[in-house]
Amino acid sequence: MKALKIRTLIIVFTLFLTSCAVPAAVYLGDTYPVTNNVDVYYDAKDVKHDYKVIGHLAIAYTEDSAVAKKLLSDKAKAQGANGIIIFQVEGNNANATIRADAIKYSN
């Protein structure tokens, strides 16, 4: 099951990176009712609520951190997340990916 998710994620990211020039967030995970606000974190230890990870987000690298946060936050809101934890920039600038976890607060 985990291998299938990883393969699906790789295929989705490959298609995403080769098919569009405008960055767009890709999401793999569970969906809940839309939320109006998403808190942004850069480390899981900064989250002061009990939470669970409901999915994973990724966007093509952009040097504009405000654009990256907005794209990730907007996609997370649409999936019903209360927050995102941005945790990785992977690859070189031309082909890099910014990754984040979408989280749902337990309380």
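This report describes the fold, the nonpolar cores and selected side-chain interactions of a predicted protein model.

**Overall architecture**

The protein contains 2 helices and 5 strands. Read from the N terminus, its elements follow the order α-β-β-β-α-β-β. Of the 107 residues in the protein, 36% are buried. Among contacts with a separation of 6 or more, 70% are between residues 24 or more positions apart.

**The sheet and helix α2**

The 5 strands form an open sheet of mixed pairing, arranged in the order β1-β3-β5-β4-β2. Its edges are formed by β1 (26-29) and β2 (39-41), each of which pairs on one side only. On average, and with direction ignored, neighbouring strands of this sheet are turned by 25° against each other. Helix α2 packs on the sheet and touches β1, β2, β3, β4 and β5. The direction of α2 makes about 135° with that of β3.

At one edge of the sheet, β2 and β4 run parallel and are joined by 3 bridges. Within this pairing, Val 40 has Ile 84 of β4 as its bridge partner.

**Nonpolar cores**

In soluble globular proteins, nonpolar side chains tend to be buried together. The largest nonpolar core in this model comprises 15 residues, and those with the most contacts inside it are Leu 57, Leu 72 and Ile 84. At least two residues of this core come from each of β3 (51-60), α2 (65-78), β4 (83-90) and β5 (97-105). A second core, separate from the largest one, has 5 residues, including Val 47, Ile 85, Ile 103 and Tyr 105.

The surroundings of Leu 57 can be listed in detail. When neighbours within four places in sequence are left aside, Leu 57 is in contact with Val 26, Tyr 27, Leu 72, Lys 75, Ala 76, Ile 84, Ile 98, Arg 99, Ala 100 and Ala 102. Leu 72 and Ile 84 thus appear among the contacts of Leu 57, and both are also named with Leu 57 among the residues with the most contacts inside the largest core.

**A buried serine in α2**

Ser 73 lies in helix α2. With a relative accessible area of 10%, Ser 73 counts as buried because this value is under 20%. A polar atom of the Ser 73 side chain lies 2.8 Å from the backbone oxygen of Lys 69. Not counting residues up to four places away in sequence, Ser 73 touches Val 38, Val 40 and Ile 84. Two of these residues, Val 40 and Ile 84, are bridge partners.

**Salt bridges**

The structure holds 2 salt bridges, as set out below.

| Basic residue | Acidic residue | Closest N and O atoms |
|---|---|---|
| Lys 70 | Asp 74 | 2.7 Å |
| Arg 99 | Glu 90 | 2.7 Å |

Lys 70 and Asp 74 both belong to helix α2, where they are 4 residues apart, about one turn of the helix. Asp 74 is partly exposed, its relative accessible area being 31%.

In the other pair, Arg 99 is buried, with a relative accessible area of 16%, whereas Glu 90 is partly exposed at 34% relative accessibility. The two residues fall into separate classes because buried means under 20% relative accessible area, while partly exposed covers the range from there up to 50%. Arg 99 is also one of the residues in contact with Leu 57.

Definitions and conventions:
Residues are numbered from 1 along each chain as its sequence is written. This is a predicted model: local features need pLDDT of at least 70, side-chain atom pairs count only at pLDDT 80 or more; totals for chains, interfaces and linings use all residues. Side-chain values use heavy atoms; hydrogens and water are left out. A nonpolar core is a set of buried Ala, Val, Leu, Ile, Met, Phe, Trp, Tyr and Cys residues joined through side-chain atoms within 4.5 Å. Buried means under 20% relative accessible area, exposed over 50%, partly exposed in between (1.4 Å probe, protein chains only). Contact means heavy atoms within 4.5 Å. Two strands pair if DSSP finds at least two bridges between them. Axes are lines fitted to C-alpha atoms, for helices over the stretch in contact, and angles run from 0 to 180 degrees between N-to-C directions. A polar contact is a pair of N or O atoms within 3.5 Å; within protein, one must be able to donate a hydrogen and the other to accept it, and residues adjacent in sequence count only if both atoms are side-chain atoms. A salt bridge is a side-chain nitrogen of Lys or Arg within 4 Å of a carboxyl oxygen of Asp or Glu.
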